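Please open the structure in a viewer and keep the selection tool at hand. The tour proceeds stop by stop, naming what to select and then describing what is found there.

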Amino acid sequence: MLEAAQPRPLLERIERSRRAARQWSRLQFAAIWVAILAGIILAFAATDNVDVEWIRTWAPFILGGAGFTILICVLSIALATVLALVGAVGRLSTKTVPFAIASFYVSLVRGTPLLVQIYIIFFVLPQMSPVLILPAIVGGVIGLGFNYGAYMTEIFRAGIQAVPRGQIEAAEALGMPGPLIFRRIVLPQAVRIVIPAIGNDFISMIKDSALVSTIGVQEVLWRAQKAGRPTLHTPEAFIIAALVYWVLTIIFSFFQERLERRMARGDR
Amino acid sequence: MTSGYPEGVPIPEHIGDVIVRAKGIEKYFGKHHVLKGVDLDVYQREAVMLIGPSGSGKTTLLRCLNFLEEPTVGSVEIAGVQVEADPIHARTRRHEEQIRQIRLQAGMLFQDFNLFPHMSVLQNLIEAPTRVRGISHAAAVETAERYLGKVGLIEKRDEYPARLSGGQKQRVAIARALCMEPKVLMFDEPTSALDPELVGEVLAVMEELAHEGTTMIVVTHEMHFAQQAADRVIFMEDGLVVEAGPPEEILEKPRVDRTRRFLRRFLKPE
């Protein structure tokens, strides 16, 4: 009787102490973040660079660029996904022509800086033909999409290769033709494998999208520069821009982590 | 060295015409000569079991029959569709299509089942019939349910493969193959990846199929099963057929020394 009665309070005590430890750890975590942030803000304020009135006036303008940033990233990641899919099929092709073209694309893009690519698309290509004169936002999306497409090509390639060989053999043995096997058997399984990686790339892209400010896309950094320079308030402007990017990545990381956990749980 | 019925052995009455004919199958993996020229005839409604030590080439032979491995030399004919090995030239569209036609005649079961994990059991079963055979959704579902019932898993119809035991997965895989109404079923060590207590349920389904007159070619290490269900047992070693005949001949009084040695090693524990 005594032995049977014993475990219950013991387990409860373990559970209670664990919970307390977890809460304490969370509290410490929050306190450290607040302390570091407060330290930075105080140090900054002490340099006499903070004009609260200016911030109140201009912060909404800079923040308004967040919509543009997200719009550009969504369009670019969509373009990148399409390019990556085609690129991966080319990289995995046993035929020389598609393999060579896809490899050229990946090598060229990965071997040159994103900023240079954006300049070439926006400033150099229009010199070759007036047809290639693009609105800034289109140029930005093409630049980012083209660049990320090459990196994601390798992600997709790895994802497709991660689908077990036996899956393809089983489909072949059922008489399914190659394109059908790719579309119905390989691709759905590969997508599940690469979705977390696409989420990661989307978050990096939020930050890299700042580069398209250089061609005049009115996103967060462009607005910070426009607001800061003429009024000599660049410090506040850039710090606000940094905070906007940071908050955006925190928000999307949250969703990304949830997605990743759901994917890891595997098939229903 | 023939793999057909040895002379003087009466061919069982229920057996029909030749449905699978492989001629002079050779296979190299690099410089490794895995199959050294195998002829194989399989008759309608016949259950043929391939036995032999690992590395003897029996699995490779099976995979050559539906060109999951392209033979280096030889030809395969299944239900009137004939394909020659041609490893030198890039596959033409016509060659590709002939191979696909052969595969449509021959259902294949794998050691590790290879169910499609992103599809439910029912979707696994109707995918190829609807998209390859062009059968209507309703008709495919009806066929699928019939075969699911046959393997005793109708209640798992909407389950995903991850929720099934190994034995259940293999039974679903058998139902999936049957849904294509193949002329012959080929099993590549279908119980080797199973926990011992799950082997029986799969063998029971296979034995039932054999007794119903399903044409089947089975690579197996289950000697007891071969004895029960086989019409003909083929013993392979070193890429060649050593001996072939009815199970009571090959398994109980083999004529060739190497067969005897193999069986002694295998049957001793029982």
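The stops below lead from a strand of one chain, through the interface of two chains, to single residues and salt bridges. The model is a predicted one.

**First stop: strand S7 of chain B**

Select residues 184-188 of chain B, which form strand S7. Is this strand enclosed by the rest of the structure or open? Five of its five residues are buried, so the strand is largely enclosed by the rest of the structure.

Next, display the side chains of the strand. In a regular strand, side chains alternate between the two faces of the sheet. Here Val184(B), Met186(B) and Asp188(B) point one way from S7(B), while Leu185(B) and Phe187(B) point the other way. The residues on both sides are buried.

Now add the neighbouring strands. Strand S6 of chain B, residues 106-109, runs parallel to S7(B) and is joined to it by four bridges. To locate this pairing, select Met108(B), whose bridge partner in S7(B) is Met186(B). Strand S8 of chain B, residues 216-219, is likewise parallel to S7(B), with four bridges between them. Here the residues to select are Asp188(B) and its bridge partner in S8(B), Val219(B).

Finally, add helix H6 of chain B, residues 196-211. Together with S7(B) and S8(B), helix H6 makes a β-α-β unit, and this unit is right-handed.

**Second stop: Thr220(B)**

Move on to Thr220(B), which is found in the loop between S8 and helix H7 (223-229) of chain B. Thr220(B) has a relative accessible area of 3%, under the 20% limit, and is therefore buried. Select Glu222(B) as well: the side chain of Thr220(B) reaches the backbone nitrogen of Glu222(B) at 2.9 Å. Apart from residues up to four places away in sequence, Thr220(B) touches Met49(B), Leu50(B) and Ile51(B).

**Third stop: a salt bridge within chain B**

Select Glu212(B) and Lys150(B), which form a salt bridge with their closest N and O atoms 2.7 Å apart. This pair links distant parts of the chain, the two residues being 62 residues apart. Glu212(B) lies in the loop between H6 and S8 of chain B, and Lys150(B) in helix H4 (residues 137-150) of chain B. Glu212(B) is partly exposed at 46% relative accessibility, and Lys150(B) is partly exposed at 28%.

**Fourth stop: the interface of chains A and B**

Display both chains. How many residues does each chain bring to the contact? Chain A gives 20 residues and chain B gives 24 residues. The size of an interface is often given as the accessible area lost when the parts come together. Chain A and chain B bury about 2,000 Å² between them, and 60% of this area is on carbon and sulfur atoms.

Six residue pairs are in polar contact across this interface. On the side of chain A that touches chain B, the elements giving two or more residues are H8 and helix H9 (178-208) of chain A.

There are two salt bridges between chain A and chain B. To see one of them, select Arg63(B) and Glu169(A), whose side chains meet at 2.7 Å, N to O. Glu169(A) is buried, with a relative accessibility of 9%. Keep Glu169(A) selected and add Arg165(A): these side chains also meet in a salt bridge, at 3.9 Å, N to O. Both residues lie in helix H8 of chain A, four residues apart, about one turn of the helix. Adding Glu69(B) completes the picture, as Arg165(A), Glu169(A), Arg63(B) and Glu69(B) are linked in a network of salt bridges.

**Fifth stop: Val163(A)**

Select Val163(A), in the loop between helix H7 (136-161) and helix H8 (165-173) of chain A. Is Val163(A) buried or exposed? At 5% relative accessibility, Val163(A) counts as buried. Neighbours within four places in sequence aside, Val163(A) is in contact with Val186(A), Gln189(A), Ala190(A) and Ile193(A).

**Last stop: Arg22(A) and Glu15(A)**

A search of the whole structure finds 24 salt bridges over all chains. One of these can be seen by selecting Arg22(A) and Glu15(A), where the closest N and O atoms are 3.9 Å apart. Arg22(A) is partly exposed, with a relative accessible area of 43%, and Glu15(A) is partly exposed at 34%.

How values were computed. Residues are numbered from 1 along each chain as its sequence is written. Chains are lettered from A and ligands numbered from 1 in the order in which they are written. This is a predicted model: local features need pLDDT of at least 70, side-chain atom pairs count only at pLDDT 80 or more; totals for chains, interfaces and linings use all residues. Side-chain values use heavy atoms; hydrogens and water are left out. Buried means under 20% relative accessible area, exposed over 50%, partly exposed in between (1.4 Å probe, protein chains only). Contact means heavy atoms within 4.5 Å. Two strands pair if DSSP finds at least two bridges between them. A crossover is right-handed if, with the strands pointing away from the viewer, the path from the first strand over the helix to the second runs clockwise. Buried area is the accessible area (1.4 Å probe) that two parts lose on being put together, summed over both. A salt bridge is a side-chain nitrogen of Lys or Arg within 4 Å of a carboxyl oxygen of Asp or Glu. A polar contact is a pair of N or O atoms within 3.5 Å; within protein, one must be able to donate a hydrogen and the other to accept it, and residues adjacent in sequence count only if both atoms are side-chain atoms.
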